[in-house]
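The following exercises ask the student to read strand pairing, helix packing and a pocket from a structure. Each task is followed by a worked solution.

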Amino acid sequence: MKKPLTFFPGIVLFIALLIPLGLSAQSENMHTFDILEKKIDDLLWYEKVGDVAWIDKVYLAGPPRWKEANPTGQGAGNPVKFWTYVFIPKDVDPSKKYPLIVMPHGGVHSNHSTYYAHIIRELMAQQYIVVAAEYRGSTGYGRAMYENIDYGGLENADVKVSRDYMVENYDIVDNKRIGLMGWSHGGMITLMNLFEYPDAYTCGYAGVPVSNLIARLGYKGESYTRLFSASYHIGKTPADNVEEYKRRSPAYQAHKLTKPLLIYTNTNDEDVNVLEVEHMIQALKAENKKFEYKIFENIPGGHSFDRMDHKEATDIRFTVYQFLAKHLNPPKPFKNAKEMRKAAYRF
């Protein structure tokens, strides 16, 4: 006899609300849809990694907005509140200490979703603790959070706040073994955190990192530029204020690197053009910085090449874990890529 079809709690409500929303990309409808999508995906975390991880979501506060819409209004100058995911391996020993991975998500406006489920499983298997901030500008939390965006600015402080929260509240976190791991915008935040808070981290991996906002807006379309020149965000284009965009671009901060860093990029990246990452690499070399990097040639997946599920991607990801293990010494490092794949996919 076939088992009856079951739904996660909230799915039926989502479907019921979908039609009146009309999937409009305008105004509050877009944000309402994002909130529903986020709540559903939060449930999926328990399905996808709940067998190997204790999962929590905590409410934190970062610095006040970089630019207040009404500087004298009620609440102006208050800290920005945001949610943060915590993943802890179920097989940890509470009497011991474990390395921490700080994982900032990508996207101009996006969030930490189950897109990363297999990667979280891989990290849990090595007994890393993971914290993933839904920093200002993240989607799934309404319009106000969306418009709190500070790309290349105080979002970096939010990620640092999530790191500090773990150190201050979890005795099982080793504050001398803390790494960063992010892709795209998350790779950019990895770089900026290493540059701005070197004493807080041991090492970092930056995958296909956004590195030069001036160049990026030059090859992206007008709609992309509007995300940055919006009145609630930077408010100006690079042509209007080039120094502000340089301040937010890792390639212009290369002189600050003091910790081990690995950078990967891909020549067929359809999102972050390889020229940006090449500029980052050249800037670090010009400053005589010691770091590791590799420019991959046309790996399937383009921008997502080492986050894909095909064998080539998982083999590449294994080399990222080798780099992290060298500096963070996890209790159960993978011996080979096959062992890693079994941890992520069960077979």
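**Exercise 1. Identify which residue of β5 is the bridge partner of L100, and place this bridge in the sheet.**

Solution. The model is a predicted one.

Step 1. The bridge partner of L100 in β5 is I178. A further residue, V102, has L180 as its bridge partner in β5.

Step 2. Strand β3 (residues 98-102) pairs with strand β5 (residues 173-183) in the parallel sense, over four bridges.

Step 3. Strand β3 also runs parallel to β4, to which three bridges join it. There, V102 has V131 of β4 as its bridge partner.

Step 4. In general, the strands of a sheet pair through backbone hydrogen bonds, either parallel or antiparallel.

**Exercise 2. Determine the order of the strands in the open sheet and name its edge strands.**

Solution.

Step 1. The open sheet has eight strands, in the order β1-β2-β4-β3-β5-β6-β7-β8, and its pairing is mixed.

Step 2. The edge strands, each pairing on one side only, are β1 (53-64) and β8 (292-296).

Step 3. From one strand to the next, the twist averages 20°.

**Exercise 3. Explain why β3 is described as largely enclosed, and state which strands α3 and α5 touch or cross.**

Solution.

Step 1. A residue counts as buried when its relative accessible area is under 20%. Five of the five residues of β3 are buried, so this strand is largely enclosed by the rest of the structure.

Step 2. Helix α3 (residues 117-125) packs on the sheet and touches β1, β2 (79-89), β3, β4 (129-133) and β5. The direction of α3 makes about 60° with that of β2.

Step 3. Helix α5 (residues 155-169) lies across β1, β2, β3, β4 and β5, and runs at about 125° to β1.

**Exercise 4. Test whether the span of helix α11 agrees with its number of residues.**

Solution.

Step 1. Helix α11 (residues 311-328) has 18 residues, which should span 26 Å at 1.5 Å a residue.

Step 2. The end C-alpha atoms of α11 are 25 Å apart, which agrees with the expected span.

Step 3. The buried residues of α11 include I316, V320, F323 and L324. After α11 comes N329, whose phi is positive, near 50°.

**Exercise 5. State which strand gives the most to the lining of the largest pocket.**

Solution.

Step 1. The largest pocket holds about 270 Å³ of space.

Step 2. Its lining has 15 residues, and those nearest the centre are P79, V80, K81, A144 and N148.

Step 3. Both β2 and α4 (143-146) supply at least two lining residues each. Strand β2 gives the most, with five residues.

Conventions: Residues numbered from 1 in each chain as written. Predicted model: local features only at pLDDT ≥ 70, side-chain atom pairs only at ≥ 80, totals over all residues. Heavy atoms only, no water. Expected span 1.5 Å × (residues − 1). Buried < 20%, exposed > 50% of the residue type's maximum accessible area, 1.4 Å probe, protein only. Pairing = 2+ DSSP bridges. Axes fitted to C-alpha atoms, helices over the stretch in contact; angles between N-to-C directions. Contact = heavy atoms within 4.5 Å. 1 Å grid on protein atoms, 1.4 Å probe; cavity = no way out; pocket = protein on both sides within 12 Å on 5 of 7 lines; lining within 4 Å. Points joined across faces, edges and corners; volume = space filled by probe spheres on them.
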